[in-house]
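Biologist: Please take a close look at the central sheet and what surrounds it. I want to see which side chains are hidden, what touches what, and where the reasoning comes from.

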Amino acid sequence: MEKKWWHGKVAYQIYPKSFLDSNNDGIGDLGGIIQKLDYLHDLGIEILWLSPIYPSPFYDQGYDIKDYYDIDPTFGTMQDFDLLLEKAKKLNIKIVMDLVLNHCSIEHIWFKKACLDVNLKEASYFYIREGKNGQPPNNQRACFGGSVWDKLPNHDNLYYAHFFTKEQPDLNWFNADLRAEMYKIVNFWLDKGVSGFRIDAIMCIAKDPNFPMYESDSEDGTCSHLRMNKENIKVAYDFIRDLRDNTFKKHKDSIAIAEAFGVLDEDLSIFIGDDGLFDCIFDFSAREAVASYHSFYGYKMLSVKEYKDAIFSMQKRSNNTGFVCPLFENHDEPRGVSTYLPKAWQNDIGAKALALITLFLRGMPFLFQGSEIGMQNTKFESIDEFDDILSKNEYKNSLEHGLTKELALDILNVHARDHGRTPMLWDDSEYAAFSTHKPWMKVSSFKDKINVKAQLEDKNSILNFYKTLIALKKDERFNSCLTYGDFVEIESRSDDTIAYKREGSYIDIYVIANLGLSDISYTFDFNFDIIISNDLSLVLKDKNTLYIKRGGALAFVHKK
């Protein structure tokens, strides 16, 4: 494999609205990120991914962009962004931005022109179609519920397609002029000094411009928009290849990371192989296993074995192909500690185990702000405390399905995206030192016992455990194995055991986590040295035998 600058790094996602408020208006901003660069550097982070900071009306928290060439005043100015680039560079931290190319905002000048006159060039940048007998052009269902079609303002029988909210009109990638505009946007930021992009919902550009009717997969007669995406995947490949050749390939040290769900085994090499469409893709296998139904009320919680099988599957598939990005939470998911760990281990012990399991997997792991202190789902008391449009739609879906308000709220308290968007917990003060003003989003109820200040002062904290893990990944003794070594599953002692090894040229590194309620043991026919454990009292080595108590997790090295 050709070695790249980002190999062996640990990346960190920032959700700017909720990271740190520097001007005390209750909303996080670029100034807040700049203030915490030293904190991130001390953690060992060398790549920062920022969720959208472009001008936006925020119908979908910035993923509805009205100007691709500027910074929203909520977050600061272009001068603030330039300062962020400058100071990050001094700390050897690369900045990766979010790139939303499937859709824009209804407030974007292109869409405004389309609404005024469908004969203008900009109207062809969108999917505008005539309705059928007073109904939308077809029966596709949007990601957030309802039809993918809405009436074009100022036009009686014309509809525009939006695979997400009605405020996010989809862009027509079949239009060469539109594609050229997309390339200009990417190159603008790469020329400015951005190191790359996380590319949002990129597979949604795979469409059939004829928009046929589909067999329903829901009680309301609609069909998920994802079916069209899957059936037209080759179309997306051609578009993305053209994007890559006109942007990223011209910037040799840039990185392109894809948000791509449901990638088939036979297509993985197209995504991340030699000359792949992207440098790496996020591993959403666990989330896809949870979100196996079209609405939250049908989602399932994974057992330890199901979680292990999901993440191991992607590791095995990508072994000889390329890099994925292991993660257990982001801005679109609830907190991983509350989602993927058994109730008994939704605590410091379990959070450390989950960190070890994730960071030593093959690929470039991504932390999400708060992962490093073990943030958990907060407790929302009413639907009014939720902000996310998806949460509100899912609450409505649950009620229409016959669930009580109490049960509908309970479901959101498990699966809502809002859990990942609550303010970062810097200390245990009223607003967790995120701001001196009431934050835009509810502060987590765990701030009194889960916060950065307390963990910085505790040598056995989750935060200091993450620092040690990241330092081990960079350690010259282990870096090559943990970066390029093959992933190999090893035998589990129970359904609650997660165990694997990374095979290097000169060493193997084993990771074993016991997330059950019974002790386990392993005996090996070779000598080994433990390099880290989540709790020394839970792990005992007696010659070549390991005794791992319930909750214990460790990594050890075998020199060949």
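Modeller: First, a cut-off. A residue counts as buried when its relative accessible area is under 20%, and as exposed when that value is over 50%. Take Thr222 as a trial case. Thr222 has a relative accessible area of 14%, so it is buried. Thr222 sits in the loop between strand E8 (196-200) and strand E9 (223-224). Beyond residues up to four places away in sequence, Thr222 touches Asn139, Arg141, Ser216 and Asp217. One caution before going on: this is a predicted model.

Now the sheet. It is open and has 8 strands, in the order E12-E11-E10-E8-E3-E2-E1-E13, with parallel pairing. Strand E12 (323-325) and strand E13 (366-368) are the edges; each has a single partner strand, so one side of each lacks a neighbour in the sheet. From one strand to the next, the twist averages 30°. Strands of a sheet pair through backbone hydrogen bonds, in a parallel or an antiparallel sense.

Start with E2. Strand E1 (residues 11-14) pairs with E2 in the parallel sense, over 4 bridges. Within that pairing, Ile14 has Leu50 of E2 as its bridge partner. E2 also runs parallel to E3, and 4 bridges join the two. There, Leu48 has Ile95 of E3 as its bridge partner. What about the side chains of E2? Ile47 and Trp49 point one way, Leu48 and Leu50 point the other way, and all of them are buried.

The chain then leaves E2. Ser51 lies in the loop between strand E2 (47-50) and helix H3 (78-90). Its relative accessible area is 2%, so Ser51 is buried. Setting aside neighbours within four places in sequence, Ser51 is in contact with Gln13, Ile14, Tyr15, Pro16, Tyr63, Asp98 and His331. Ile14 appears here as well as in the bridge to Leu50.

Next comes H3. Thr77 caps its N-terminal end: a side-chain oxygen of Thr77 lies 3.3 Å from the backbone nitrogen of Gln79. Check the length. H3 has 13 residues and, at 1.5 Å a residue, should span 18 Å; its end C-alpha atoms are 19 Å apart, which agrees. Which residues of H3 are buried? Met78, Phe81, Leu84, Leu85 and Ala88 are. Their arc around the axis is only 110°, so they lie on the same side of H3. The cover over these buried residues includes helix H1 (30-35), helix H2 (37-43), E2, strand E3 (94-100) and helix H5 (176-192). E2 and E3 are thus part of that cover, and they are also paired with each other. The face turned away from the buried side carries the exposed residues Gln79 and Lys90. Gln79 therefore has two roles to note: its backbone nitrogen is the one facing the Thr77 cap, and Gln79 is exposed. Just after H3, Asn92 takes a positive phi of about 60°.

A second set of strands is worth a look. Strand E7 (residues 158-161) is covered on both faces: Leu158 and Tyr160 on one side, Tyr159 and Ala161 on the other, all buried. E7 has antiparallel pairing with strand E4 (residues 128-130), over 3 bridges. In that pairing, Leu158 of E7 is the bridge partner of Glu130. E7 also pairs in the antiparallel sense with strand E6 (residues 149-151), again over 3 bridges. Asp150 stands opposite Tyr160 there. E6 and E7 form a hairpin with 6 residues between the strands, and Asn154 in this hairpin has a positive phi near 75°.

One more buried polar residue. Asn229 lies in helix H6 (residues 225-231). With a relative accessible area of 5%, Asn229 is buried. Apart from residues up to four places away in sequence, Asn229 touches Phe163, Met203, Cys204 and Ala206. For scale, the C-alpha atoms of Asn229 and Ile532 are 43 Å apart, with these positions 303 residues apart along the chain.

Terms used. Residues are numbered from 1 along each chain as its sequence is written. This is a predicted model: local features need pLDDT of at least 70, side-chain atom pairs count only at pLDDT 80 or more; totals for chains, interfaces and linings use all residues. Side-chain values use heavy atoms; hydrogens and water are left out. Buried means under 20% relative accessible area, exposed over 50%, partly exposed in between (1.4 Å probe, protein chains only). Contact means heavy atoms within 4.5 Å. The expected span of a helix is 1.5 Å times one less than its number of residues. The arc is that of the directions from the helix axis to the C-beta atoms. A polar contact is a pair of N or O atoms within 3.5 Å; within protein, one must be able to donate a hydrogen and the other to accept it, and residues adjacent in sequence count only if both atoms are side-chain atoms. Two strands pair if DSSP finds at least two bridges between them. Axes are lines fitted to C-alpha atoms, for helices over the stretch in contact, and angles run from 0 to 180 degrees between N-to-C directions.
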